[in-house]
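I opened this notebook to keep a record of what I looked up, going from the whole chain down to single side chains.

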Amino acid sequence: MGQEKKDIHAEEIKSIISETIKELHANEAQLQFKKPTTVQGWFYIGLAFCSLVGIAWSSIIFLNNVATHNKAPYHKGTTELIAQMTESHAAHATSQELHHTEEYLNLQIHEEVAPIKDKLITIQTNQATIQANQANFRGDVQDVKDDVKDVKDDVRQVQKSLDGIADQLRRGN
């Protein structure tokens, strides 16, 4: 039953396509323009005509502006400026003073970076010293804590001894 529906559907599609192809062949598949019969059609024709005229007119104005642009007052002296730039470029291209060798550039980079390297080494040395001092300080603090603990223990022992002597004196009296 499902297969029959698919076959019927496929045949309907084939018939629609064949009818469409027959109509296209009958009209010789040409694009046909007809005179508009509604106000909306005439409006679209007028809009298309005005658009074409506007595009043509703006193209004419743009091309005219391009053609007369070099006559604008702010372009005075342009040829002299271009000639001067060309001379300056030619002088630069042939000048050995303006072109530095790679060795000179490496030397200049080394001179610029050397103070920074020295400062970096100094900072690293100071950092190592600070870390060493912190480690020593931590050790010193631990030593002080141990000494305080020892003193407390000694005080307890002395207190016990004094308590023992006080008890003996009480018993003896």
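The entries below run from overall shape to charges, salt bridges and surface patches.

**Entry 1: overall form.** I note at the outset that I am working with a predicted model. I looked up the secondary structure and found 4 helices and 0 strands in the protein chain, which reads as α-α-α-α along the sequence. I then turned to the radius of gyration, which is 52 Å, whereas the globule rule gives 16 Å for 173 residues, so the protein chain is more spread out than a compact globule. For the extent of the C-alpha trace along its principal axes I wrote down about 145 × 90 × 40 Å. As a single distance I took the pair Lys145 and Ala10, which are 135 residues apart along the chain and whose C-alpha atoms are separated by 97 Å. Lys145 itself is found in helix α4, and I list this residue as exposed because its relative accessible area is 53%, with the cut-off for exposed being over 50%.

**Entry 2: surface and burial.** How much of the protein chain is buried? I found that buried residues make up 2% of the 173 residues. The exposed area of the protein chain comes to about 16600 Å², and carbon and sulfur atoms supply 61% of that area.

**Entry 3: charges.** I counted on the computed tally of 18 positive and 24 negative charges in the protein chain, whose mean positions lie 10 Å apart. I also looked for a gathering of like charge, and found a patch of negative charge on the surface made by Asp140, Asp143, Asp146, Asp147, Asp150 and Asp154. From this patch I checked Asp143, which is found in helix α4 and which I enter as partly exposed because its relative accessible area is 43%.

**Entry 4: salt bridges.** Side chains of opposite charge can pair when their charged atoms come close. How many salt bridges does the structure hold? The structure holds 2 salt bridges, and I went through them in turn.

In one of them Arg156 pairs with Asp153, with the closest N and O atoms 3.2 Å apart. Both Arg156 and Asp153 lie in helix α4, where a spacing of 3 residues amounts to about one turn of the helix. I then compared the accessibility classes of the two partners: Arg156 counts as exposed at 52% relative accessibility, while Asp153 is partly exposed with a relative accessible area of 31%.

The side chains of Asp167 and Arg170 also meet in a salt bridge, with an N to O distance of 3.4 Å. Asp167 and Arg170 are likewise placed in helix α4, 3 residues apart, which is about one turn of the helix. Here I recorded Asp167 as partly exposed at 33% relative accessibility, and Arg170 as exposed at 63%.

**Entry 5: a nonpolar patch.** Which residues form a nonpolar patch on the surface? I found Val158, Leu162, Ile165 and Leu169, which together have about 380 Å² of accessible area. I picked out Ile165 for a closer look and placed this residue in helix α4, which covers residues 102-172. Why does Ile165 count as partly exposed? Its relative accessibility is 46%, and partly exposed is the class between the buried limit of under 20% and the exposed limit of over 50%.

Definitions and conventions: Residues numbered from 1 in each chain as written. Predicted model: local features only at pLDDT ≥ 70, side-chain atom pairs only at ≥ 80, totals over all residues. Heavy atoms only, no water. Patch = residues over 30% accessible without salt bridge, like charges linked within 9 Å, V, L, I, M, F, W, Y side chains within 5 Å. Areas by Shrake-Rupley, 256 points an atom, 1.4 Å probe, with all protein chains shown as cover. Salt bridge = Lys/Arg side-chain N within 4 Å of Asp/Glu carboxyl O. Helix = DSSP H or I, 4+ residues; strand = E, 2+ residues; numbered from the N terminus. Buried < 20%, exposed > 50% of the residue type's maximum accessible area, 1.4 Å probe, protein only. Rg over C-alpha atoms; globule rule 2.2 N^0.38 Å. Lys, Arg positive; Asp, Glu negative; His and termini not counted. Charge placed at Lys NZ, Arg CZ, Asp CG, Glu CD.
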